[in-house]
Amino acid sequence: MTQLALVIDLNTCVGCHACVTSCKEWNTSGQAGPMVDKNPYAAEPTGTFFNRVQSFEVGTFPNTQTVHFPKSCLHCEDPPCVPVCPTGASYKRPEDGIVLVDYDKCIGCEYCSWACPYGAREIDEQQKVMKKCTLCVDRLYDESLPEAERKPVCVLSCPTSARIYGDIHDPESEASKAISDAGGYQLMPEWGTAPANHYLPRRKVSIAIHEEDLQRVDNPLRKEDRGPRKPTTRTTLDDSTSW
Amino acid sequence: MKPAISVILLTTLIGTGQGLFLAFYSAEWFVLLGILRPPLNDYSGHAAALSVLLLALGLVASFFHLGHPERAWRAAAMWRSSWLSREVIALPAAMLLILGYVLLKLSAMDSIVLVLGESIPISISTVVGFGAVLAICALFVCTAMIYACLKFLRQWHSPLTVLNFLLMGCASGFTLASALASYSQDGRFAYFVGMAIFLTLAALIFRFATLLRNKGLRSPSSLQSAIGVHHPTIRQIAQGAMGGSFNTRAFIHSYGASVVRLARRGFLVLGFVIPLLLLQISDESSTLICSLAFALQYLGLLAERWYFFIEAEHPQNLYYQMIS
């Protein structure tokens, strides 16, 4: 069974919000109707977003790291928001595991938002229906798009390639390999929701290299001083020949 | 959680309505069995009509919670998985059955269909009323399970939630029944008031037990597990939205600890202690005292339901440590 998901590399995310703005741009222009903005140019700007980047400072000054944390629907494999929906507007697609909301069936009771421990759902103040990340389901199978662009728009817009898209049930996919190679983990695993989206942890980005790591002290070439010939100052054939 | 006013009204109003019907229907059986003396004028049809009215008011209040009330009928679809959907079925079912009971009682259509044993005549209204009792019990369970089934809202995820909804609904219903019986000079007053005292006391005990249980609860989630960074010191510096978001508006309340404490003490005193004292000193002629007991108890239960929301800590709040 396919389970499409995002793998987000916290090690490379720089918190630029390109995924946030491109997500808003793509999804507000779609056939599902706009994602409302309230007071966009006033004191308390707010609105509907499928994806947000939060920032956390880890450690105590001066030994701190800033972790930028993109947060969207995790498309759980056992989504607690789906069975509680009284109308069946919330559903998980069996064919690719994407959790979606049918905006025509949603009555806006907000019960699914109570049932989501991640706070991934929000009500659209204008349309009065529950909205959340669709994994850009309207791009993934759109054959009018070049094949390379049939991906969530946040993945395409990420300047540091911190977002990897793929089928996490396919062990050969880029996403699965990233999870297994870089220690991908799920958020709040204690609730048993099995989020499909994974995060890659921060890693050490510097290593100490000593002289002897680069050049063996017992290097026989060095020992007998028979290194490559030193550059000469005389003109060589290369200098005098016209190619 | 931030208290949702329409849901507070819905759960308290239908709880009282259900308790009121149970009070009069159970009294009817005790009369049939010869344990209680029948009232001089049978007003149980009117009392049941009041019960339908309370359920209807609750239903109206619930519509204000919806973004699309015109699509509310769709909510009956997922009864296999959703307790909310089951409530959406149980509430109209209970209303219809109680309404049937009311119509039978108030019209001349009610007649005896069978005689139990030698001397217990069962009329159609009694049969329909029994159906209403089943629907009411189902409704109590559905309403409470909406909250109790959410496993990571640990303050709600307990059988105590179901028991509390049942006991508080019945307590307020029997208190209202006492006031009605006192007004109608009904001989069954002692039964109503005795049951009201018993149920209010039981509700107090289990609500207090719930408070104690919730005081010791520790969430298995933390900011560390929420973002997957295992460092003891993490400080949020940005929430991803400057002017707040649905997440901050719907889940995070801004009431101070003193307001919350006042609500807790207030609902314990108003909802349980004062009604207990008033019911204890009331007699058949003290309509005013019983009415006051009901009014204060209902106010107290409104405060209780408000506190019920405040008490629940949603794990999503971990992602919203500060406004930025």
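The following dialogue goes through some terms used for this predicted model.

Student: Why is A:Ser161 called exposed?

Tutor: A residue counts as exposed if 12 or fewer other C-beta atoms lie within 10 Å of its own. A:Ser161 has 10 C-beta neighbours inside 10 Å, so it counts as exposed. A:Ser161 is located in the loop between helix H5 (153-157) and S10 of chain A. Its phi is positive, about 55 degrees, although A:Ser161 is not a glycine.

Student: What makes A:Ala194 partly exposed?

Tutor: The partly exposed class lies between the two limits, 12 or fewer for exposed and 20 or more for buried. A:Ala194 has 14 other C-beta atoms within 10 Å and is therefore partly exposed. This residue belongs to the loop between H6 and S11 of chain A. A:Ala194 also has a positive phi, about 50 degrees, without being a glycine.

Student: How do you know that the length of helix H1 of chain B agrees with its number of residues?

Tutor: The expected span is 1.5 Å times one less than the number of residues. For the 28 residues of H1(B), residues 5-32, that gives 40 Å, and the end C-alpha atoms are 41 Å apart, so the two agree.

Student: What makes H1(B) mostly covered?

Tutor: Being buried takes 20 or more other C-beta atoms within 10 Å. In H1(B), 21 of the 28 residues are buried. Just after this helix, B:Gly34 takes a positive phi of about 80 degrees.

Student: How much of chain B as a whole counts as buried?

Tutor: Of its 324 residues, 47% count as buried. Chain B has 10 helices and 3 strands, and its C-alpha atoms fill a box of roughly 75 × 45 × 30 Å along the principal axes.

Student: Why are S4(A) and S3(B) said to pair?

Tutor: Two strands pair if there are at least two bridges between them. S4(A) and strand S3 of chain B, residues 234-238, have 4 bridges, in the antiparallel sense. Within this pairing, A:Val58 has B:Ile234 as its bridge partner.

Student: What else is there where chain A touches chain B?

Tutor: In total, 47 residues of chain A are in contact with 45 residues of chain B. Among the elements of chain A that each supply at least two residues to this side are strand S5 (63-72) and helix H3 (111-115). S4(A) gives the most, with 9 residues. By class, the side of chain A has 27 nonpolar, 11 polar and 9 charged residues.

Student: What makes S10 and S11 of chain A edge strands?

Tutor: Each of them pairs on one side only. They belong to an open sheet of 3 strands in the order S10-S1-S11, with mixed pairing. The twist averages 25 degrees from one strand to the next. S1(A), residues 4-9, pairs with S11(A) in the parallel sense over 3 bridges, and A:Ile8 stands opposite A:Tyr199 there. Helix H6 (residues 174-182) of chain A packs on the sheet, touching S1, S10 and S11, and its direction makes about 115 degrees with that of S10(A).

Student: Which peptide bond, from A:Phe61 to A:Pro62, is it that has omega near 5 degrees, cis or trans?

Tutor: It is cis. A:Pro62 is found in the loop between S4 and S5 of chain A.

Methods
Residues are numbered from 1 along each chain as its sequence is written. Chains are lettered from A and ligands numbered from 1 in the order in which they are written. This is a predicted model: local features need pLDDT of at least 70, side-chain atom pairs count only at pLDDT 80 or more; totals for chains, interfaces and linings use all residues. Two residues are in contact if their C-beta atoms, placed from the backbone, lie within 7 Å. Ala, Val, Leu, Ile, Met, Phe, Trp, Tyr, Cys and Pro count as nonpolar, Asp, Glu, Lys and Arg as charged, and the others, Gly among them, as polar. Axes are lines fitted to C-alpha atoms, for helices over the stretch in contact, and angles run from 0 to 180 degrees between N-to-C directions.
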